[in-house]
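Biologist: I would like to learn how to read a model of this kind, going from the ligand out to the strands and then to the unusual backbone. Could you take me through the features one at a time?

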Amino acid sequence: STGNEVTKPESYDVEYLTPVSIGTPGQVLHLDIDTGSSDLWVFSSETPSNLVNGQSLYEPAKSSTAQKLEGYTWKISYGDGSSSSGVVYRDSVTLGGLTVSSQAVEAATQVSEEFTSDSNNDGLLGLGFGSLNTVQPKGQKTWFENIMQELDSPIFTADLKAGEPGTYNFGYIDKNAHIGNISYVSVNDSNGYWTWTSPGYAIGTGALVSTQIMGIADTGTTLLLLPSTIVVMYYAQIPGALYDATQGAYTLPCSPTPPDFSFAVGDDGQVITIPGEYILYAAITSIGTMCFGGIQADSGIGFSIFGDVALKAAFVVFDGGKKRLGWASK
Ligand SMILES: C[C@H](Cc1ccc(C(C)(C)C)cc1)[C@H](NN)c1nnnn1Cc1ccc2c(c1)OCO2
């Protein structure tokens, strides 16, 4: 089988939300598909009402196929400092027309302020590797791990776009969604992430700098987080760019458009070029002269993060069968 689903960007492409149907009859929630985590958790009837602020709720009591996993709990904290925790059900979960009849659905009984204030986000659907799942006493498989063997091919693809809806495809590669060939690189899943190594980068029209950048392909992170040395080099090319200690981030003038940023994939010379305008993230001053940089340092994380700023410049194949990533321009 194959499937596909549209995913829509929130403002500034901070995240992309995808409709997912849970339970019988289906309860549609809009989830943040996140290849950098492996819990499927949702706002629910068990989320204290003072922590709910417009989100849609999963109500297991209204699903004839919901089964409570007695004694099972989950608790997750994310790299941005946000967190959530709760209890666990098994229920039917349909994404892109594909149904997993017995998927672990983690109902939140606690969410941090960042989730409460994000009214359109009803939860996360992790598509990392199951080893990252936080359910106790037994870790649960992701939706993709559960559907994989039914797919024509054990893959899914991400085609995120700047400021417009994109697509997740499951089980097939849409040849019309990419230009030129797809370069594949091996994935090291030992830390549970889609971890790969880029052999180099280029700034603007400059020559490729050969250096290994080890990072994760992460649909759930907004920005491109790279080694500080590369980030300093990039912003050094931009008059007026500066590290704003109060924001803890690099900022740059909102015009003119900054240089493109390219990263190499594989040993066949494939490069993905991020247009400079993707690196002009939100304006930080009301007069709109200075912008938040879409490239920031990965300091303290231990690896780089190829988040949405990078992913929306590419067509990306997440190959669960061969544990590899495919990158193509589009
Ligand atoms: C942050 C997201 C997970 C998330 C998504 C959305 C949200 C809100 C809805 C409340 C907006 C919170 C959290 C990411 N997903 N793989 C993630 N989950 N765990 N680590 N990361 C990536 C990381 C890791 C480290 C860092 C970082 C980022 O920013 C700064 O330092």
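Biologist: Into which classes do the residues of the shell around the ligand divide?

Modeller: Please keep in mind that this is a predicted model. The shell around the ligand divides into four nonpolar, six polar and seven charged residues. In total, 17 residues surround the ligand, and the closest are Asp34, Tyr78, Gly79, Asp218 and Thr221.

Biologist: Which polar atoms of the protein are paired with a nitrogen atom of the ligand, and at what distance?

Modeller: For such a reading one looks for pairs of N or O atoms within 3.5 Å. In the side chain of Asp34, an N or O atom is 2.8 Å from a nitrogen atom of the ligand, while a polar backbone atom of Gly79 is 3.1 Å from a ligand nitrogen, and a polar backbone atom of Gly36 is 3.3 Å from a ligand nitrogen.

Biologist: How much of the ligand does the protein bury?

Modeller: Taken alone, the ligand exposes 650 Å², and the protein buries 79% of that. As for its place, the ligand sits in the largest pocket, and the elements that give two or more residues to the shell around it are β3 (27–34) and α1 (113–116).

Biologist: Turning to the strands, which ones does β1 pair with, and in what sense?

Modeller: The general idea is to follow the bridges from strand to strand, keeping in mind that in a regular strand the side chains alternate between the two faces of the sheet. Here, strand β1 (residues 3–9) runs antiparallel to strand β10 (residues 166–170), and five bridges join them; Glu5 has Tyr168 in β10 as its bridge partner. Strand β1 is also antiparallel to strand β2 (residues 16–22), to which two bridges join it, and there Lys8 stands opposite Leu17 in β2.

Biologist: Where else can I practise, and which strands pair with β20?

Modeller: Strand β16 (residues 249–253) pairs with strand β20 (residues 290–293) in the antiparallel sense over three bridges, and the bridge partner of Leu252 in β20 is Cys291. Strand β19 (residues 280–283) pairs with β20 as well, again antiparallel, over two bridges, with Leu280 opposite Gly293. The strands β19 and β20 form a hairpin with six residues between them, and in its turn Gly288 has a positive phi of about 65°.

Biologist: Which residue takes a positive phi in the hairpin of β1 and β2?

Modeller: Most residues other than glycine have a negative phi, and most peptide bonds are trans, so departures from either habit deserve a look. In the hairpin of β1 and β2, which has six residues between the strands, the residue is Tyr12, with a positive phi near 60°. Tyr12 is not a glycine, and its place is in the loop between β1 and β2.

Biologist: And which peptide bonds are cis?

Modeller: Here one reads omega for each bond. The bond from Thr24 to Pro25 is cis, with omega near -10°, and Pro25 lies in the loop between β2 and β3. Another cis peptide bond joins Gln136 and Pro137, with omega about 0°; Pro137 is placed in the loop between β8 (123–126) and α2 (143–147).

Notes
Residues are numbered from 1 along each chain as its sequence is written. This is a predicted model: local features need pLDDT of at least 70, side-chain atom pairs count only at pLDDT 80 or more; totals for chains, interfaces and linings use all residues. Side-chain values use heavy atoms; hydrogens and water are left out. A residue is near a molecule or strand if one of its heavy atoms lies within 4 Å of it. A polar contact is a pair of N or O atoms within 3.5 Å; within protein, one must be able to donate a hydrogen and the other to accept it, and residues adjacent in sequence count only if both atoms are side-chain atoms. Accessible areas come from the Shrake-Rupley method with a 1.4 Å probe; for residues, only the protein chains shown count as cover. On a 1 Å grid over the protein atoms alone, a cavity is a set of points where a 1.4 Å probe fits but cannot get out, and a pocket is an open set with protein on both sides within 12 Å along at least five of seven lines; lining residues have an atom within 4 Å of a point. A molecule sits in a cavity or pocket if more than half of its atoms lie within 2 Å of its grid points. Helices (H or I, at least four residues) and strands (E, at least two) are DSSP runs, numbered from the N terminus. Ala, Val, Leu, Ile, Met, Phe, Trp, Tyr, Cys and Pro count as nonpolar, Asp, Glu, Lys and Arg as charged, and the others, Gly among them, as polar. Two strands pair if DSSP finds at least two bridges between them.
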